[in-house]
Amino acid sequence: MNFANKIAASAGAAGLALFAALPAWAQDAAAAAPAPVVDKGDTAWMMTSTVLVLAMILPGLALFYGGLTRTKNMLSTMTQIGALACLAMIVWVCYGYGLAFGPEGNAFISWGKFFLAGVTPDSLADTFSDGFKLPEYVFISFQMTFAAITLALVLGATVERMKFSAALVFGIIWLTIVYFPIAHMVWAAGGFLFEGGMFGTSLPAALDFAGGTVVHINAGVSALVASLILGKRIGYQKEIMAPHSLTLTMVGTGLLWVGWFGFNAGSALEANGSAALAMINTFVATASAALFWMLAEKVAGHKPSALGFCSGVIAGLVAVTPAAGNSGPFGAIILGAVASVICFYAVTVLKPKLGYDDALDAFGIHGIGGIVGAIGTGIVYAPSLGGPGGADFAIGPQVATQVVAVLVAIVWAVIGTTIATTIAKALTGLRVSEEVEREGLDLGEHGERAYNN
């Protein structure tokens with residue numbers, strides 16, 4: 001064999017050896033790729049946040065709303081809240097999670113993972129940091145509590161006259177055609193408002209950190225529509241319908257505020273700086289709103305009241321929800337104050353003038369406060385105002401996006417709630433009889449009293 005042939009043979013042997021080694025190299029490269037990190041601290045925080053949101057519903061919202069009703073309707077209000085929250089949880093794991101966050105879908109709805117098909121203890125869900133994951137069951141549970149409390153919030157406008165059976169029928173339909181699509185549009189990859197560029201524009205994606213559109217505008221507008229279809233309570237604006245226990249309402253307010261840290265700071269999906277920002281904003285925006293509501297009462301010629309304090313707390317919490325991780329603390333203080341004053345006038349001036357019976361001001365606080373918070377988020381996100389926006393952030397386009405998101409949520413909620421309430425009315429009659437309403441829904445619907453002398 002001459003020298004040239006030896007070189008060729010050696011090269012061929014080397015090539016065969018290299019080719020044979022490729023699978024091993026590929027395995028080494030795959031082994032070197034970083035595996036997704038499931039941080040135990042993040043997981044523990046999200047499990048805690050999920051339980052905190054549950055505490056917002058039971059006992060928080062149940063006591064808050066229950067104390068605002070008349071004695072004869074206390075148990076009915078609490079029972080409807082508890083039962084609808086439970087209903088939402090069951091619907092969520094059956095098909096709600098799939099419709100909101102399923103693996104397949106379009107800009108308005110998704111599908112797949114119905115009955116949690118394919119989800120195991122090893123399944124992972126994304127966070128906002130590349131490479132960091134959560135157990136999917138934790139993410140499913142966290143989002144489940146959001147669906148539950150949003151449905152329960154709607155009841156604030158319909159208490160003291162809506163049948164229990166009607167509330168259950170309404171709840172199933174409303175979740176399916178209103179809540180799940182809006183949650184998908186705002187929070188899911190590929191969603192209409194999540195991706196930006198709505199209606200062929202160059203607008204950025206909507207900012208909704210913890211549910212200004214998905215929860216509060218959605219629930220508040222739906223509450224107004226449902227109350228209009230349901231009609232006014234007997235004696236509304238003719239009889240005194242004062243809260244029967246502001247003590248319980250105050251307790252419920254405190255529980256809502258505590259639970260809201262899971263709601264807002266938990267929406268960071270990690271125990272990190274974003275969660276810390278949401279936490280301080282949930283403190284200061286709420287404190288500002290509580291004080292400014294009482295100040296508005298004083299300016300309007302009234303005494304600063306406990307009911308005003310509680311209303312201001314909720315208004316501040318609502319307004320800061322979309323801005324929780326999207327604002328600096330001083331932007332949050334201003335946002336809470338502005339929203340509180342606007343909600344005060346919506347409740348004390350607009351509602352009496354228009355005459356609609358939003359019994360516990362679900363629209364006046366959640367709807368109006370959600371709108372102010374959602375639009376205001378586009379302003380306080382600016383780094384010049386202490387927000388976390390980048391150096392190239394522009395307020396104008398972002399506010400335009402926020403307005404689009406608000407309008408989409410309002411239109412969707414109005415149409416969907418009208419359909420859900422109409423179907424519930426056809427199937428159940430919707431409203432209790434005059435006799436039951438006068439006697440009280442505690443006895444008429446549930447056969448028991450909140451208080452036995």
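Colleague: Let's start with Leu 116: buried or exposed?
Modeller: Bear in mind that this is a predicted model. Leu 116 comes out at 16% relative accessibility. The cut-off for that call is under 20%, so Leu 116 counts as buried.

Colleague: What is phi of Leu 116 near, in degrees?
Modeller: Leu 116 sits in the loop between S3 and S4. Most residues other than glycine have a negative phi. Leu 116 isn't a glycine, yet its phi is positive, near 55 degrees.

Colleague: And Glu 160, what is its phi about?
Modeller: Glu 160 is placed in the loop between H4 and H5, and at 3% relative accessibility it counts as buried. It's no glycine either, but its phi is positive, at about 75 degrees.

Colleague: Which peptide bond is cis, with omega near 10 degrees?
Modeller: Most peptide bonds are trans. For the cis one, look in helix H2, where Pro 59 is found. With omega near 10 degrees, the bond in question runs from Leu 58 to Pro 59.

Colleague: On to charges: how many salt bridges does a search of the whole structure find?
Modeller: Side chains of opposite charge can pair when their charged atoms come close. Searching the entire structure for such salt bridges gives a count of nine.

Colleague: How many residues apart in sequence are Arg 70 and Glu 160?
Modeller: These two form a salt bridge, with 3.2 Å between the closest N and O atoms. Arg 70 is in the loop between helix H2 (40-68) and helix H3 (74-101), while Glu 160 is in the loop between helix H4 (136-154) and helix H5 (164-187). So the pair ties together parts whose separation in sequence is 90 residues.

Colleague: What relative accessible area does Arg 70 have?
Modeller: Its partner Glu 160 is buried, at 3% relative accessible area. Arg 70 is buried as well, since the cut-off is under 20% and its own figure is 14%.

Colleague: Which residues are joined into one network by salt bridges that share partners?
Modeller: Glu 160 also meets Arg 233 in a salt bridge, 2.6 Å from N to O. That pair links distant parts of the chain, 73 residues apart, with Arg 233 in the loop between helix H6 (212-230) and helix H7 (246-265). Through shared partners, the network takes in Arg 70, Glu 160, Arg 161, Arg 233 and Asp 357.

Colleague: Which residue forms a salt bridge with Glu 136?
Modeller: The closest N and O atoms of this pair are 2.6 Å apart. Glu 136 belongs to helix H4, and its partner is 23 residues away, in the loop between strand S3 (110-111) and strand S4 (124-126). Glu 136 is buried at 4%, whereas the partner is partly exposed at 27%. That partner is Lys 113.

Colleague: Which strands stand at the edges of the sheet, each with a single partner strand?
Modeller: The open sheet has three strands with mixed pairing, in the order S1-S5-S4. One side of each edge strand is left without a neighbour in the sheet, because each has a single partner: these are S1 (37-38) and S4.

Colleague: What angle does the direction of H4 make with that of S5?
Modeller: S1 runs parallel to S5 (residues 132-135), joined by two bridges, and Val 37 has Phe 132 as its bridge partner. H2 packs on the sheet against S1 and S5, its direction at about 45 degrees to that of S5. H4 touches S4 and S5, and its angle with S5 is about 70 degrees.

Methods: Residues numbered from 1 in each chain as written. Predicted model: local features only at pLDDT ≥ 70, side-chain atom pairs only at ≥ 80, totals over all residues. Heavy atoms only, no water. Salt bridge = Lys/Arg side-chain N within 4 Å of Asp/Glu carboxyl O. Helix = DSSP H or I, 4+ residues; strand = E, 2+ residues; numbered from the N terminus. Buried < 20%, exposed > 50% of the residue type's maximum accessible area, 1.4 Å probe, protein only. Pairing = 2+ DSSP bridges. Contact = heavy atoms within 4.5 Å. Axes fitted to C-alpha atoms, helices over the stretch in contact; angles between N-to-C directions.
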